[in-house]
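Biologist: I'd like to go through this model with you and ask how each label is earned. Can you put it up?

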Amino acid sequence: MREGLLPAGSKRLPACDPDARTDLSLSPERGSDILKASPKTANPDRGTAPMHPADPVPRKGSVPALLSLVIPTFNERANLGTLVRRIHESLGAYPFELIVVDDDSPDGTGREAEELARTYPLQVVHRRGKRELGTAVVEGLGRARGTVLGFMDADLSHPPESLPLLLQTLAQDGTDVVIGSRFVEGGRVSEEWSSVRRLASLCARFLCLPLTPVRDSTSGFFLFRREVIQGVDLRPRGYKIGLELLVKGRYALVREVPILFQERRSGASKMTLRVQVDYLLHLAALYGHRLSSRRRRSQGLDPRGMKR
């Protein structure tokens, strides 16, 4: 279990495997949590999807050069146009690209994305025979050109107007990952959220506490530097790609910034029994990964099982 407190303004440590001991505390910024890891050698490359080369990201006092934002979709035609326009309005001053990964939506979401690509900096990936948010995000990240990567939901639950704040937070010295969080000071969920949804969210976050002390570990709204996943074997199951990144990613510092999480206005919720079962199976795989990583370290082996 990660424990302890991190004083605000602590010196940045080298990027590392998050299996190292980490600390969490409230930073001076309202509602911004920081997660920091002790120094450790990062995992070597091991069979990830190819990444396009990109320029280094300035780490202090400036905004990232290019943001690649992945939006996985399935039956989100009613929401996609509004989302893309709001992103464009929010990020008008920033260079960005959108990558819509559509899982063969029968409602025509893929065709809507193609139409939007005529006007906005957007590329569309059509997947056939696949319906899983986590793997859709991984496929989109593999096509990204940016120095900063990210993902968010297409159902308008994540406010695009928060993107500039997430970018500005990521530009702070030492920050590797930024999460749009419902559960730090200033963050909240809409009143439409039922007590059942609130209880389910609480249980889901409780189950992954031994894996990460991040308060909104089940968030789907992330921005992070490219090197966080460079060489990392991401194999999410189900919807919680953010949790996969927190457990396996190569980072030293995570910040959470508050957002208002809205209930979807159009379309059907994807929260089904299968999704809940997939989450439990994903958790089991991540706990297995954590245990095997610790075992290899105790035996003096690197993540590939080779002697250090």
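Modeller: Sure, and keep in mind that it's a predicted model. Let's start with R182, which lies over the face of F261.

Biologist: What makes R182 count as lying over the face of F261?

Modeller: R182 is 5.2 Å from the ring centre of F261. The limit is 6 Å, and the charge also has to be within 35 degrees of the ring normal. R182 is listed as over the face, so it passes. R205 does the same with F183, at 3.6 Å from the ring centre.

Biologist: How many aromatic pairs does a search of the whole structure find?

Modeller: Two. One of them is F151 with F222, and that pair is stacked.

Biologist: Why is the pair of F151 and F222 called stacked?

Modeller: Check the centres, then the planes. The centres are 5.3 Å apart, and rings pair within 6.5 Å. The planes are 20 degrees apart, and under 30 degrees counts as stacked, so the label fits. The pair also links distant parts of the chain: F151 is in strand β6 and F222 in strand β9, 71 residues apart. Together with F224, they form one aromatic cluster.

Biologist: How do you know whether F151 and F222 are buried or exposed?

Modeller: Buried means under 20% relative accessible area. F151 has 2%, so it's buried. F222 has 0%, so it's buried too.

Biologist: And what makes helix α6 largely enclosed?

Modeller: Eight of its eight residues are buried, so the rest of the structure largely encloses α6. Among them are I241, E244 and K248. The cover includes α3, β6, β7, β9, β10 and α7.

Biologist: What is special about the phi of L156?

Modeller: L156 isn't a glycine, yet its phi is positive, about 70 degrees. Most residues other than glycine have a negative phi, so a positive value is worth pointing out. L156 sits in the loop between β6 and α4. At 15% relative accessible area, L156 is under the 20% limit, so it's buried. D104 is another non-glycine with a positive phi, about 55 degrees, and its place is in the loop between β4 and α2.

Biologist: Why is D104 called partly exposed?

Modeller: Its relative accessibility is 35%. That falls between the 20% and 50% limits, so D104 is partly exposed.

Biologist: Which residues make the nonpolar surface patch?

Modeller: F206, L207, L209 and L280 make it, and it covers about 390 Å². Patch residues need over 30% relative accessible area. L209 has 37%, so it clears that bar and counts as partly exposed.

Terms used
Residues are numbered from 1 along each chain as its sequence is written. This is a predicted model: local features need pLDDT of at least 70, side-chain atom pairs count only at pLDDT 80 or more; totals for chains, interfaces and linings use all residues. Side-chain values use heavy atoms; hydrogens and water are left out. Patches are made of residues with over 30% relative accessible area and no salt bridge: like charges are joined within 9 Å, nonpolar side chains (Val, Leu, Ile, Met, Phe, Trp, Tyr) within 5 Å. Accessible areas come from the Shrake-Rupley method with a 1.4 Å probe; for residues, only the protein chains shown count as cover. A salt bridge is a side-chain nitrogen of Lys or Arg within 4 Å of a carboxyl oxygen of Asp or Glu. Buried means under 20% relative accessible area, exposed over 50%, partly exposed in between (1.4 Å probe, protein chains only). Rings of Phe, Tyr and Trp (its six-membered ring) pair if their centres lie within 6.5 Å; planes under 30 degrees apart count as stacked, over 60 as edge-to-face and the rest as tilted. Helices (H or I, at least four residues) and strands (E, at least two) are DSSP runs, numbered from the N terminus. Contact means heavy atoms within 4.5 Å.
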